[in-house]
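User: Hi! I'm new to reading protein structures. Could you walk me through this one?

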Amino acid sequence: MRLLLICLLLAATVASAPPAAITFEDVTARSGVEFVLRNGAVPGEKHQIETMLGGVALFDYDGDGLLDLFLANGAPQPGFDKRDPRYWNLLYRNRGNGVFEDVTAKAGVAGDGYSMGVAAADYDNDGHPDLFVAGVGRNILYRNRGDGTFEDVTARAGIHNEPWSVAAGWFDADGDGRLDLFVVNYVAWDPKTEPVCRDPRSGGLLHCHPDNYTGLPNTLYHNNGDGTFTDVSEAAGIRRHIGKGMGVAFADYDGDGRIDILVTNDTRPNFLFHNEGNGRFQEVALTAGVAVNDDGRTLSSMGADFRDVDNDGRPDLFLTAITHETYPLYRNLGKGLFADFTYRSRVGAATVATTGWSCGIYDLDNDGRKDLFAANGDLNENADGARQRSVVLAQRPDGSFDAAPAGPAALNRGAAFGDFDNDGRIDVVISRLGERPVLLHNLSGAGNHWLGLNLIGRRSNRDAIGAVVHIRTAAGQQWNQVTTAVGYASSSDVRVHFGLGAETRATVEIRWPSGTVSRTEEAQVDRYLTVREP
């Protein structure tokens, strides 16, 4: 009996033991990335747009198997004249030796106006990922020609400008094999009528509270398949919902085979647009349990990732918000319902004192459990503790999380996730107001195995965005999905990543966006596998 009790105590200790530390190496200095995120601030003034940029994309624009880097930039105020190269959006080609090369001028993507966010995906199914850049009064769609250059096709494609677009994402709204575009719009900002806001204690200038601005509806573009798009926001039921949108993430949260949309809103209830399957969406966030937190409070929601945290086959939600609000973690209970697990998971206590922007749900130490990451920094650069360190939350076996700082303190904003050196560990690139981005090379999970999947659909939806991947090993099951819409104003690697711990074999089942299901028995691990839709 005593021996049994000792064994049980030992088992409980192992089950609750914290995971090994997740660590990153800052490789910015030797990366060749010299970009500086400039907001065009005017001394003695404060404008809302200055604190809200800038997006980051990790994507393989030239098809060489290495993730390249795109960074959105601001512009001088008030004219937003981007001719000064210091304000260009920049594209860096990954040379494969830890160094990135600036190819912006050759690629033709320096941009125009005050840019905010970026979304990458192959919308025309030619095998080359394209770029959408969201901004203040100026949105740009770049078509990848496949020869190292991009073409601005905004006007020809039927994409229009919005008063202020923060972010965007690509997904197949109607299952026709063509990627549609969802654009997240914030508020109707006009520098001529913008209020002046001050700290009530010090009298210093502050960026105004969102209550001072009128919210905007979001925009859904249907891909017509001929290089053009049609704004279907009204017919789809999207445009009637006025928010102050910050982030967007996609997943089939109820398992009906149709992709749904989560939009984070700043100081307003979040939106969850359920895909009704007839070209229409129904907003169900309140009844689903993700509009507000468990206390019924509306949060300043910003970044979002929408994927299965607890390996039960149902996509969960991780969001970021501002100081004193915590970063919500919503567990998907099935039957269209979510529960707020923020404090039960120990995420609440770990995030209540910081302001988060971009975020991601990834297995950062390859132990078979997905972890959480958030890029942090205060809204106002002159606030106490404005420069904050990002946070990584390592998942324990019991589903709770241990927090640790990641990267240097800064006004961190956008972040993209992907394995930029193809060593099987997810790296992070974070934009920082007023300075170079930080490139965090992942050193975690030594000895743990992993599997990466590059899925290629048939002629329609070549990126296979929306595909759901289910793997089985001797240790259990995991689920993940194909998406590039991750975090805040940013776009992450389209490849699907799994950490496997000690497992060396995995059975892979893929539910393709077309509905086809394929299966690979005993897939070899510690490599990237290219899988084509049968």
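User: Which cysteine does a disulfide join to cysteine 197?

Analyst: Happy to help, and keep in mind that this is a predicted model. A disulfide is a pair of cysteine sulfur atoms within 2.5 Å. The sulfur of cysteine 197 has a partner sulfur at 2.0 Å, so the pair meets that cut-off. The partner is cysteine 208.

User: How many residues apart in sequence are the parts that this pair ties together?

Analyst: Start with where each cysteine sits. Cysteine 197 belongs to strand β12 (residues 197-198), while cysteine 208 is in the loop between β13 (205-206) and β14 (216-217). The pair therefore ties together parts whose separation in sequence is eleven residues.

User: Is cysteine 359 buried or exposed?

Analyst: Buried means under 20% relative accessible area. Cysteine 359 has a relative accessible area of 0%. That puts it under the cut-off, so cysteine 359 is buried.

User: What radius of gyration does the protein have, and what would a compact globule have?

Analyst: The protein has 534 residues, and for that number a compact globule would be near 24 Å. The value for the protein agrees with this. The radius of gyration of the protein is 22 Å.

User: What does the secondary structure of the protein come to?

Analyst: Strand β12, which holds cysteine 197, is one of the strands you have already met. Counting the helices and strands of the protein gives the full tally. The secondary structure comes to six helices and 39 strands.

Technical notes. Residues are numbered from 1 along each chain as its sequence is written. This is a predicted model: local features need pLDDT of at least 70, side-chain atom pairs count only at pLDDT 80 or more; totals for chains, interfaces and linings use all residues. Side-chain values use heavy atoms; hydrogens and water are left out. Helices (H or I, at least four residues) and strands (E, at least two) are DSSP runs, numbered from the N terminus. The radius of gyration is taken over C-alpha atoms; the globule rule is 2.2 Å times the number of residues to the power 0.38. Buried means under 20% relative accessible area, exposed over 50%, partly exposed in between (1.4 Å probe, protein chains only).
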